[in-house]
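Hi everyone, thanks for making time for this. I'd like to walk you through one model today, so please have the viewer open and follow along with me.

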Amino acid sequence: LIVVRLAPLPAIHGVRLSAPWVFDDFHYAVYYPTHAFWHGLNPYHNTAYLEEYPVDSPFSGYAPATFLVYFPAALLSLGPASVGYFVLSLLLTLILAAVALRASGWRLTATAILSASGLILLSRQGQWNFLLGQVTLPAVLGVYTAVLCARRAPPAAGLGIVLSLLKPT
């Protein structure tokens, strides 16, 4: 259903079915700032950034490590980068479901992982995260990593904290 919803849909009898806001967060918080950084423009310099890129708001609040984590997006044009992030979001949803199940003591089976992933995507937060292209999934997985690895693998827990701090909220 989400794939169908993301497809470019025309208007039918005057009712607009398209969703021009799809992946806005990915465009504004990941793609354009990362692209700007790797092409020599400081995305924190609001005036120059807003003049150069088709964004409505300045890039602020996100950690500079964002540019390292999302470096592959800067190598692609917007369309392929969006498709790549869409696929990455699907994979991260499956990983989040598996980690949450494992942390809860559930046995990991394909059915359990797919069911939990479906529930995540059916939730309001899951829908908005997926449709807007938010960077919540890496942050949540970073928190899980920090909590689950704190005692047995402190360096991994530290990387989890770094990952969780990419999203300012």
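Let's start with the outside: what does the accessible surface of the chain come to, and what share of it belongs to carbon and sulfur atoms? The accessible surface is about 10,000 Å², and 68% of that belongs to carbon and sulfur atoms. Please keep in mind that this is a predicted model, and that goes for everything I show you.

Now for the overall make-up. The chain has 10 helices and 0 strands, so to speak an α-α-α-α-α-α-α-α-α-α pattern when you read along the sequence. Of the 169 residues in the chain, 35% are buried. If you take the contacts between residues at least 6 apart in sequence, 57% of them join residues at least 24 apart.

Let me take you to helix H6, residues 78-103. H6 has 26 residues, and from the first C-alpha to the last it reaches 36 Å, close to the 38 Å expected at 1.5 Å a residue. Its buried residues include Tyr85, Phe86, Leu92, Leu96 and Leu101, and there are small ones on that list too, among them Ala81, Ser82 and Ala97. After H6 comes glycine 105, with a positive phi near 90 degrees.

Two residues of H6 deserve a closer look. Leucine 90 sits in this helix, and because its relative accessibility is 34%, it counts as partly exposed. Its C-alpha is 8.2 Å from the C-alpha of phenylalanine 130, although the two residues are 40 apart along the chain.

The other residue is alanine 103, also found in H6. Is alanine 103 buried or partly exposed? With a relative accessibility of 44%, alanine 103 counts as partly exposed, since buried would mean under 20%. Leaving aside neighbours within four places in sequence, alanine 103 is in contact with Tyr144 and Leu148. For Tyr144, the C-alpha separation from alanine 103 is 8.7 Å, across 41 residues of chain.

Next, a pair of helices. When two helices pack, we describe them by the angle between their axes and the distance between the axes. Here I mean helix H7, residues 110-122, and H8: they pack at about 80 degrees, with their axes 4 Å apart. How are H7 and H8 oriented to each other, roughly parallel or roughly perpendicular? They are roughly perpendicular, because angles from 65 to 115 degrees count that way.

And which residues meet there? From H7 we have Ile120, Leu121 and Leu122, and from H8 we have Arg124, Gly126, Gln127 and Phe130. That contact divides into 4 nonpolar, 2 polar and 1 charged residue.

Staying with H8, which covers residues 124-132, the buried residues are Gly126, Asn129, Phe130, Leu131 and Leu132. So to recap one thread, Phe130 is in the contact with H7 and is also on the buried list of H8. Just after H8, glycine 133 takes a positive phi of about 75 degrees.

On to helix H9, residues 136-149. H9 has 14 residues and spans 20 Å from first C-alpha to last, close to the 20 Å expected at 1.5 Å a residue. Leu137, Pro138, Ala139, Leu141, Gly142, Ala146 and Cys149 are buried in H9. What do those buried residues pack against? They pack against H6, H8 and helix H10, residues 154-164.

My last stop is in H10, at alanine 156. Its relative accessible area is 29%, and therefore alanine 156 is partly exposed. Beyond its neighbours within four places in sequence, alanine 156 is in contact with Thr145 and Cys149. Measuring tape out, C-alpha to C-alpha: alanine 156 and glycine 142 are 9.5 Å apart in space and 14 residues apart in sequence.

That's my tour, and I'm happy to take questions.

Key: Residues numbered from 1 in each chain as written. Predicted model: local features only at pLDDT ≥ 70, side-chain atom pairs only at ≥ 80, totals over all residues. Heavy atoms only, no water. Helix = DSSP H or I, 4+ residues; strand = E, 2+ residues; numbered from the N terminus. Expected span 1.5 Å × (residues − 1). Buried < 20%, exposed > 50% of the residue type's maximum accessible area, 1.4 Å probe, protein only. Contact = heavy atoms within 4.5 Å. Areas by Shrake-Rupley, 256 points an atom, 1.4 Å probe, with all protein chains shown as cover. Axes fitted to C-alpha atoms, helices over the stretch in contact; angles between N-to-C directions. Parallel < 35°, antiparallel > 145°, perpendicular 65-115°, else oblique. Nonpolar A, V, L, I, M, F, W, Y, C, P; charged D, E, K, R; others polar.
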